[in-house]
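Biologist: I would like a close look at a single part of this model. Please set the scene, then take me through the detail in one go.

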Amino acid sequence: MSTVPWVFGLLGEYERLRSPLPVVSGLWFLLVLIGMFGTVAFGLQGFFEGVFGVNDKSALLAFDVYPAAGTVIFLLAGPTFPLALIILSAMQWHTRMSPRLCVALLCVAAIAFPVARVTRSTPVAFVADIVMLVAFCWMAWYSWTATSGRIRKGGA
């Protein structure tokens with residue numbers, strides 16, 4: 001469920017980055033969409049493991065019957081979202097559209113996100129999610145206040 005707001009927020013970042021980095025931002029947003037697919041698939045896999053009470057490796061071993069689908073969903077699409085966050089960090093760093101500390105937090109979140117998901121460690125996932133939330137809220141606030149300041153100065 002949380003993927004929907006992330007997509008809208010990242011679409012806003014794409015809009016901000018489209019002017020200074022048109023080609024790179026377009027390719028980046030494609031990675032975001034592929035990564036969201038992998039994130040949803042991985043989340044649903046964990047959800048169904050919980051629903052059906054599967055807490056061992058048998059769920060992952062079931063994908064041996066479908067090697068191509070498992071590879072595309074978990075090995076290709078899964079790591080794409082954290083990769084997209086690292087690329088977003090690089091674009092933000094390069095364009096200086098967000099504070100450097102905010103961009104650094106986003107990098108930390110991009111690294112912690114897959115570690116938390118793969119290890120299924122609740123404390124690590126909690127910290128990774130909080131760091132990501134802080135980074136994105138800060139980025140959104142910075143973007144919003146910078147944009148509203150430009151509108152006030154230029155418009156009224």
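Biologist: How many positive and negative side chains does the protein chain have, and how far apart do the centres of the two sets lie? After that, please look closely at helix H4 (residues 67-77).

Modeller: Charges come before the helix. Bear in mind that this is a predicted model. The protein chain carries 10 positive side chains and 6 negative ones. The centres of these two sets are 19 Å apart.

Now the frame around H4. The protein chain holds seven helices and zero strands. Read from the N terminus, the order is α-α-α-α-α-α-α. The C-alpha trace spans about 60 × 30 × 25 Å along its principal axes. Of the 156 residues, 31% are buried. Among contacts with a separation of 6 or more, 69% join residues 24 or more positions apart. The accessible surface is about 9,600 Å². Carbon and sulfur atoms account for 76% of that surface.

On to H4 itself. Its buried residues are Gly70, Phe74 and Ala77. They cover an arc of only 130 degrees around the axis, so they sit on the same side of H4. The other side of H4 has exposed residues: Pro67, Ala68, Leu75 and Leu76. What do the buried residues of H4 pack against? Their partners are H2 and helix H5 (80-95).

H2 deserves a closer look through one residue. Threonine 39 lies in helix H2 (residues 22-51). Its C-alpha atom is 8.7 Å from that of phenylalanine 74. The two residues are 35 residues apart along the chain. Is threonine 39 buried or partly exposed? Its relative accessibility is 21%, and buried means under 20%. Threonine 39 therefore counts as partly exposed. Leaving aside residues up to four places away in sequence, threonine 39 touches Phe81 and Phe113.

Phe113 leads on to H6. Helix H6 (residues 100-119) counts Phe113 among its buried residues. The others are Cys102, Val103, Leu106, Ala109, Ala110 and Ala116. H6 has 20 residues and reaches 29 Å from its first C-alpha to its last. That is close to the 28 Å expected at 1.5 Å a residue. Arginine 120 follows H6, and its phi is positive, near 55 degrees.

Back to H4, to close. Gly70, Phe74 and Ala77 are its buried residues, and they pack against H2 and H5. Pro67, Ala68, Leu75 and Leu76 are exposed on the other side.

How values were computed
Residues numbered from 1 in each chain as written. Predicted model: local features only at pLDDT ≥ 70, side-chain atom pairs only at ≥ 80, totals over all residues. Heavy atoms only, no water. Helix = DSSP H or I, 4+ residues; strand = E, 2+ residues; numbered from the N terminus. Buried < 20%, exposed > 50% of the residue type's maximum accessible area, 1.4 Å probe, protein only. Contact = heavy atoms within 4.5 Å. Areas by Shrake-Rupley, 256 points an atom, 1.4 Å probe, with all protein chains shown as cover. Lys, Arg positive; Asp, Glu negative; His and termini not counted. Charge placed at Lys NZ, Arg CZ, Asp CG, Glu CD. Expected span 1.5 Å × (residues − 1). Arc of directions from axis to C-beta.
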